[in-house]
Amino acid sequence: GYYPCALALKMDQYAGGRPALPGISVKIERCYAEAVWRNRCDNEEGFYRRVRERPPAAVTENIGEMDGFKIIRHPSYIQIVPVDPRPIFTPPPKPHGRQEARPAQPVPMPAEPQGAADAGL
């Protein structure tokens with residue numbers, strides 16, 4: 001009978017052969033390894049085609065609230081957010097319109113302690 005790998009084996013024997021396909025042992029005959037590889041590639045192509053036609057929905061689940069935080073489960077992580085988000089620092093409101101600059105106020109000097117002038121300080 002005719003074996004499809006017989007010719008490939010003879011050619012590999014004389015040419016030194018090709019390196020093994022990724023993830024397939026060199027102990028497997030080349031024609032069978034190529035069939036396995038072709039099958040893997042076809043399966044991968046089918047997977048990508050199905051995903052393009054009908055992408056998976058990102059499902060989120062509101063788990064509930066605990067100690068003032070809302071807990072939301074996403075497909076790859078869990079989000080925890082405050083129920084009443086308040087900013088940590090609130091800057092003072094900016095004045096509207098143009099305001100005139102106020103002149104600098106003199107800073108009062110502290111009074112000298114009694115007897116300081118007599119002591120030469």
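Helices and strands are runs of residues assigned by DSSP, with at least four residues for a helix and at least two for a strand, numbered from the N terminus. With that in hand, the predicted model can be read as a short tour, beginning with the overall plan and ending with two individual residues.

The protein contains three helices and three strands. Followed along the sequence, these elements appear in the pattern α-α-β-β-β-α. Of the 121 residues in the protein, 9% are buried. The accessible surface amounts to about 11900 Å², and carbon and sulfur atoms account for 58% of that area. Contacts can also be sorted by how far they reach along the chain: among those between residues at least 6 apart in sequence, 5% link residues at least 24 apart.

The strands come together in an open sheet of three, ordered 1-2-3 and paired in the antiparallel sense. Strand 1 (61–66) and strand 3 form the edges of this sheet, each pairing on one side only. On average, neighbouring strands of the sheet are turned by 20° against each other, with direction ignored.

It helps to look at the two pairings in turn. Strand 1 and strand 2 are antiparallel partners connected by five bridges, and within this pairing Asn-62 faces Ile-72 in strand 2. The hairpin of these two strands has two residues between them, and Asp-67 there adopts a positive phi near 50°. Strand 1 itself is hardly covered, since zero of its six residues are counted as buried.

The second pairing is that of strand 2 with strand 3; these strands also run antiparallel, and five bridges join them. Here Lys-70 is found opposite Val-81 in strand 3. The hairpin that connects strand 2 to strand 3 does so through four residues.

His-74 is a good place to pause, as it belongs to the loop between strand 2 (69–73) and strand 3 (78–82). Is His-74 buried or exposed? The relative accessible area of His-74 is 16%, so this residue counts as buried, the cut-off being under 20%. The surroundings of His-74 can be named as well. Once neighbours within four places in sequence are set aside, His-74 is in contact with Val-59, Thr-60 and Gln-79. With Gln-79 there is a polar contact, made between the two side chains at 2.9 Å.

Pro-19 offers a second example from a loop, this time the one between helix 1 (4–15) and helix 2 (30–53). Pro-19 has a relative accessibility of 66% and therefore counts as exposed, because the exposed class covers values over 50%. Along the chain, Pro-19 and Arg-30 are 11 residues apart, and their C-alpha atoms are separated by 9.4 Å. Taken side by side, the two loop residues fall into opposite classes: His-74 is buried, whereas Pro-19 is exposed.

Conventions
Residues numbered from 1 in each chain as written. Predicted model: local features only at pLDDT ≥ 70, side-chain atom pairs only at ≥ 80, totals over all residues. Heavy atoms only, no water. Buried < 20%, exposed > 50% of the residue type's maximum accessible area, 1.4 Å probe, protein only. Contact = heavy atoms within 4.5 Å. Areas by Shrake-Rupley, 256 points an atom, 1.4 Å probe, with all protein chains shown as cover. Polar contact = N/O pair within 3.5 Å; in protein donor to acceptor, adjacent residues only side chain to side chain. Pairing = 2+ DSSP bridges. Axes fitted to C-alpha atoms, helices over the stretch in contact; angles between N-to-C directions.
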